[in-house]
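Please examine the structure shown below with its sequence at hand. The paragraphs that follow lead through selected residues, sheets and cores.

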Amino acid sequence: MPKINGNEIRPGNILEHDGGLWAAVKVNHVKPGKGGAFAQVELKNLRDGRKLNERFRSEDKVEQVRLEQKDQQFLYENDGRLVFMDSETFEQIELDAELLGERRPFLQDGMTATIEYYGDEALSVSIPQKVTCTVTETEPVVKGQTAANSYKPAILDNGVRMMVPPFIGEGEAIIINTDTLEYSERA
């Protein structure tokens with residue numbers, strides 16, 4: 001694995017530090033008037049989610065890790081475990097549903113997800129940024145209500161409660177942004 005200097009750390013870099021894998025979340029380069037420059041780095045553990053603030057001097061060497069990304073198709077869920085299939089080798093793997101967190105309800109059968117691996121260990125799962133869902137329950141449109149800043153509650157076909165614009169009715173397909181978990185547009 002390549003070693004990089006402490007001042008070369010950028011947000012999004014994956015580092016091997018203190019026996020764990022850490023993602024650099026925020027990096028602040030500091031050049032004090034007295035003494036050497038350093039990078040103040042906020043790290044997040046990829047395995048357990050712990051956070052750590054660390055100071056790296058420019059002469060410190062850090063292991064930078066490259067994660068392998070594979071596109072895999074979601075097949076089904078079994079007792080809190082998600083089963084994915086590799087599109088090339090047709091090999092199936094099971095991952096913990098907690099890897100997706102609050103985006104879990106938006107994972108649909110047959111959807112292609114990108115899974116990041118460190119060796120044989122799956123560290124994260126990312127789903128497409130835009131997912132189509134159907135509104136199963138919402139309030140009827142009230143006449144005279146403007147679409148400016150008024151949203152109304154709706155329940156989607158996956159059971160998620162979400163705020164939608166007043167012109168959206170029951171049975172309509174809408175697109176959800178999975179990064180912000182908000183309504184994006186009509187499908």
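His17 lies in strand β2, which covers residues 14-17. In this predicted model, is His17 buried or exposed? Its relative accessible area is 14%; since residues under 20% are classed as buried, His17 is therefore a buried residue. Beyond its neighbours within four places in sequence, His17 makes contact with Trp22, Leu43, Leu52, Glu54 and Phe56.

Another residue to locate is Val27, which belongs to strand β3, residues 20-30. When neighbours within four places in sequence are left aside, the contacts of Val27 are Ile9, Arg10, Pro11, Ala39, Gln40 and Val41. Ile4 stands 23 residues away from Val27 along the chain, and the C-alpha atoms of these two residues are 15 Å apart.

The discussion now turns to the sheets. Strands of a sheet pair through backbone hydrogen bonds, in either a parallel or an antiparallel manner. One open sheet consists of 5 strands with antiparallel pairing, arranged in the order β9-β8-β7-β10-β11. Its edge strands, β9 and β11, each pair on one side only. From one strand to the next, the twist averages 45°. Within this sheet, β8 and β9 run antiparallel and are joined by 5 bridges; Met85, for example, has Gln92 in β9 as its bridge partner.

An open sheet of 5 strands, also with antiparallel pairing, follows the order β14-β13-β12-β15-β16. Why is one side of β14 and of β16 left without a neighbour in the sheet? These strands, comprising residues 161-164 and 182-186 respectively, stand at the edges, and each has a single partner strand, so one side of each remains unpaired in the sheet. The average twist from one strand to the next is 55° here. Strand β12 (residues 130-138) is connected by 3 bridges to strand β13 (residues 152-156), and the two run antiparallel. Thr138 has Ala154 in β13 as its bridge partner.

Nonpolar cores complete the picture. The largest contains 28 residues, and those with the most contacts inside it are Phe84, Phe106, Leu107, Ile115, Leu156 and Ile174. Elements giving two or more residues to this core include β8 (81-86), β9 (92-96), β10 (112-118) and β11 (121-126), as well as β12, β13, β14 and β15 (173-177). Apart from residues up to four places away in sequence, Phe106 touches several others, among them Met111, Ile127, Val131, Cys133, Leu156 and Ile176. A second, separate core has 10 residues, including Ile4, Ile9, Trp22 and Val41. Of these, Trp22 is also a contact of His17, while Ile9 and Val41 are contacts of Val27.

Notes:
Residues are numbered from 1 along each chain as its sequence is written. This is a predicted model: local features need pLDDT of at least 70, side-chain atom pairs count only at pLDDT 80 or more; totals for chains, interfaces and linings use all residues. Side-chain values use heavy atoms; hydrogens and water are left out. Two strands pair if DSSP finds at least two bridges between them. Helices (H or I, at least four residues) and strands (E, at least two) are DSSP runs, numbered from the N terminus. Axes are lines fitted to C-alpha atoms, for helices over the stretch in contact, and angles run from 0 to 180 degrees between N-to-C directions. Contact means heavy atoms within 4.5 Å. Buried means under 20% relative accessible area, exposed over 50%, partly exposed in between (1.4 Å probe, protein chains only). A nonpolar core is a set of buried Ala, Val, Leu, Ile, Met, Phe, Trp, Tyr and Cys residues joined through side-chain atoms within 4.5 Å.
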